[in-house]
Amino acid sequence: MQQQSFTLPEFYVPYPARMNPHLERTRRHSAAWAERMGMLDSRTPDGGLVWTADQLAKMDYGLMCAYTHPDCDGDVLDVITDWYVWVFFFDDHFLEEFKYSRDVKGGQKYLDRLEKFMTLPGEVAPEVTNPAEAGLKDLWERTVPSMTVEWRKRFITSTHNLMVESIWETKNIELGRIANPIEYIQMRRRVGGAPWSANLVEYAVGAEVPDKVAFSRPLEVLRDTFSDAVHLRNDLFSYQREVEEEGENSNAVLVFERFLGNATQESAEMVNDLLTSRLRQFENTALVEVPALAAQHGLLPHEQLAIGAYVKGLQDWQSGGHEWHARSSRYMNQEMDAAEPPSPLLAGPVGLGTSAARLEFRPGVRKAIREHTYVPERPVGHLPIPELHMPYAIRTSKHLDASREHTIQWQRAMGFYDAVPGVEAGGVWSEHRGRGIDLAHCAAMIHADATLEELNLSTDWLAWGTYGDDYFPLVFGIARDNLKARACAERLKQFMPLQGRAPQPVGPMELGLADLWERTAGPLTPGGRAEFRKAVDDMLDSWVWEVDNQAQNRIPDPIDYVEMRRRTFGSDMTIRLARVKALDLVPAALYQTRTLHELVTAAMDYAMFTNDLFSYQKEVEFEGEVHNMVVVVENFLGTDRLAARDIVAELMNARMRQFEHIVANDLDDLFEEFDLDARTRAVVTRQVEDLKEWMSGILEWHVKCVRYQDAELRSMYGGEQVQKVFSFLPQGLGTSAARLSWSGSR
């Protein structure tokens with residue numbers, strides 16, 4: 001046996017694996033089905049077989065599905081197992097036919113045809129020409145009669161992603177390119193099979209997620225955390241096979257090795273820590289956010305039961321998937337007999353009264369405790385900013401001075417400088433603060449070609465978003481009142497009507513949003529209006545998410561933080577402001593492609609990490625904030641602020657290099673794939689240029705803005721006025737957490 005690359009770490013497996021009683025029946029069925037579909041006769045380019053009957057038996061997908069779906073009946077288990085036989089055959093066949101030869105065009109043609117076998121009502125599949133097509137056609141016909149059209153569409157999307165994004169892996173192998181960690185996690189969801197598996201869980205448990213909440217944050221997080229945990233676990237088990245034997249470079253252990261320069265064992269431990277963190281995020285979402293979602297949407301009992309069955313099905317999959325990985329011949333470290341019972345959940349003392357003692361044996365328990373024991377207002381001092389890669393120039397609007405004066409008048413008219421009920425310190429902002437933030441300068445760089453009216457609108461949106469980002473922690477965060485925060489966010493959404501009229505606005509948040517919506521939405525088509533409103537809705541929901549974390553005194557999971565920070569920073573909203581005139585000129589499907597999705601999120605991450613570096617002292621020392629990437633990295637890695645700072649900076653630089661790579665290598669391919677006309681190509685190209693100036697402008701604003709400088713911070717927070725502000729807050733031992741985020745803009 002080949003020597004292992006590393007010792008597998010101790011895994012966090014919070015739920016015991018169980019076995020479906022129909023295992024032997026399904027083993028026989030799936031072997032016969034694979035043979036009938038022609039999978040055991042399929043030849044590789046060198047004349048060998050993709051699979052033999054013996055290889056299929058050793059991989060034992062029947063065992064996998066019996067573990068991952070322990071409660072379904074025999075007929076359903078047969079269908080589920082056949083789906084997994086098909087998807088693994090597809091993966092191995094595609095590897096032999098297209099990945100080894102780096103045949104990108106041939107692979108794309110193969111995938112385009114394969115998709116046609118997933119039909120919607122009224123569509124007809126083509127004639128079968130190979131085992132992958134035969135298997136997909138057969139499975140589709142056996143599965144979809146019991147599922148709704150909404151489920152079919154979701155399943156088609158996840159199947160499309162895992163097939164089509166294989167091209168991304170092929171291109172990276174061809175270029176010898178290894179993804180950065182954020183890109184890898186995002187792309188692994190698309191190219192990996194776990195979102196697809198989550199769809200099959202609905203079929204297996206006989207309960208579909210209600211379509212009206214299927215794309216809500218809690219359900220998205222359940223899918224994403226499930227997917228990330230499945231993929232990270234697979235990467236740990238498959239590292240030797242994929243990286244050392246097959247020459248693949250899409251593996252989290254390898255990504256961490258290259259990004260951090262760590263040894264393989266250390267990288268494996270770090271991947272396992274991230275896996276554990278994602279499982280804890282799953283638990284937090286299921287126990288905290290899902291019940292709140294049910295109450296918010298008034299879900300009926302049968303809808304709540306469906307979500308409960310779905311959550312339990314995902315939990316069963318995690319435990320069963322781990323057990324199968326430990327036993328399958330497909331992966332490393334295969335020393336257990338498949339006939340053995342599932343491994344014990346925990347080592348250590350057992351029996352009545354020993355549960356607390358066993359906690360020490362759970363991987364990641366100390367980190368889990370650390371997440372909820374954050375001590376705010378640490379005297380961290382100024383954080384020196386390391387060298388940041390910025391290849392793009394800065395331009396500034398000629399209307400800057402006029403817009404500066406306009407926005408101060410607008411802020412005053414909206415009541416931004418007035419006292420706010422419930423805030424004993426007075427108002428959230430003052431005119432001095434409004435001028436010091438100088439958001440017109442930021443807008444003038446990210447929208448350099450705007451007319452004065454457009455620049456004023458952009459500046460006012462930035463002002464409203466920044467004010468709101470201060471308002472929520474001050475008004476709701478200190479009091480830990482997430483119910484009122486949610487109610488406030490839901491009422492604010494009413495001031496962006498897609499049809500009809502908004503209520504009468506009260507207070508600066510409502511007055512500002514009502515004014516901005518009228519100025520923004522009027523010229524837009526219905527589609528553009530809905531798209532822009534969703535960006536603002538997401539930002540509002542993200543502010544509630546921050547209050548939820550404050551209520552738990554919880555430092556977010558790293559991946560959840562990155563994805564939600566894009567919303568709390570208002571990234572989507574401000575980017576859309578630059579392309580507001582073109583919201584209906586570019587096909588919506590274009591923005592869902594890997595190319596544009598990665599391009600936009602890379603830009604978002606660069607900008608928001610910029611803010612986290614510059615605002616670290618302000619947020620940590622003076623505001624007791626936990627929502628900062630440096631803090632998240634400090635907590636996750638157990639490191640100091642300077643080491644965490646360097647990792648954040650390198651993530652920024654890696655995302656910028658990825659942005660440059662996409663612009664140089666992938667945009668033209670995207671234009672050709674969608675056969676875009678000259679006008680649409682020009683619009684997208686202009687949007688890419690806007691993203692460049694969006695990033696460079698935000699960086700320059702942070703460099704020039706006085707609000708993040710040590711002297712300004714001590715002047716703002718260290719005088720008699722600040723002491724008066726804090727006088728109304730709880731004082732004494734154990735009360736520091738109650739004084740989080742009294743004020744301040746990110």
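**Notebook: helix 29 and the cavities**

I began with the buried residues of helix 29, and these are Met629, Val630, Val631, Val632, Val633, Glu634, Asn635 and Phe636, where buried means under 20% relative accessible area with a 1.4 Å probe and protein chains only. The model is predicted, so I kept in mind that local features need pLDDT of at least 70 and side-chain atom pairs pLDDT 80 or more, while totals for chains, interfaces and linings use all residues. Residues are numbered from 1 along each chain as its sequence is written, and side-chain values use heavy atoms, with hydrogens and water left out.

Helix 29 covers residues 629-637, and 8 of its 9 residues are buried; helices here are DSSP runs (H or I, at least four residues) numbered from the N terminus. At its N-terminal end I found asparagine 628 as the cap, with a side-chain oxygen 2.9 Å from the backbone nitrogen of valine 630. Just after helix 29, glycine 638 has a positive phi of about 65 degrees.

Next I looked up the second largest cavity, whose volume is about 340 Å³; a cavity is a set of points on a 1 Å grid over the protein atoms alone where a 1.4 Å probe fits but cannot get out, and lining residues have an atom within 4 Å of a point. Its lining has 21 residues, and Pro181, Phe256, Pro558, Met629 and Leu651 lie nearest its centre. Helix 29 is among the elements that give two or more residues to this lining, as are helix 9 and helix 30 (641-665).

Finally, I noted that the largest cavity holds about 550 Å³ of space, and that helix 4 gives the most to its lining, with 8 residues.

Notes:
Buried means under 20% relative accessible area, exposed over 50%, partly exposed in between (1.4 Å probe, protein chains only). A polar contact is a pair of N or O atoms within 3.5 Å; within protein, one must be able to donate a hydrogen and the other to accept it, and residues adjacent in sequence count only if both atoms are side-chain atoms. On a 1 Å grid over the protein atoms alone, a cavity is a set of points where a 1.4 Å probe fits but cannot get out, and a pocket is an open set with protein on both sides within 12 Å along at least five of seven lines; lining residues have an atom within 4 Å of a point. Grid points are joined across faces, edges and corners, and a volume is the space filled by probe spheres set on the points.
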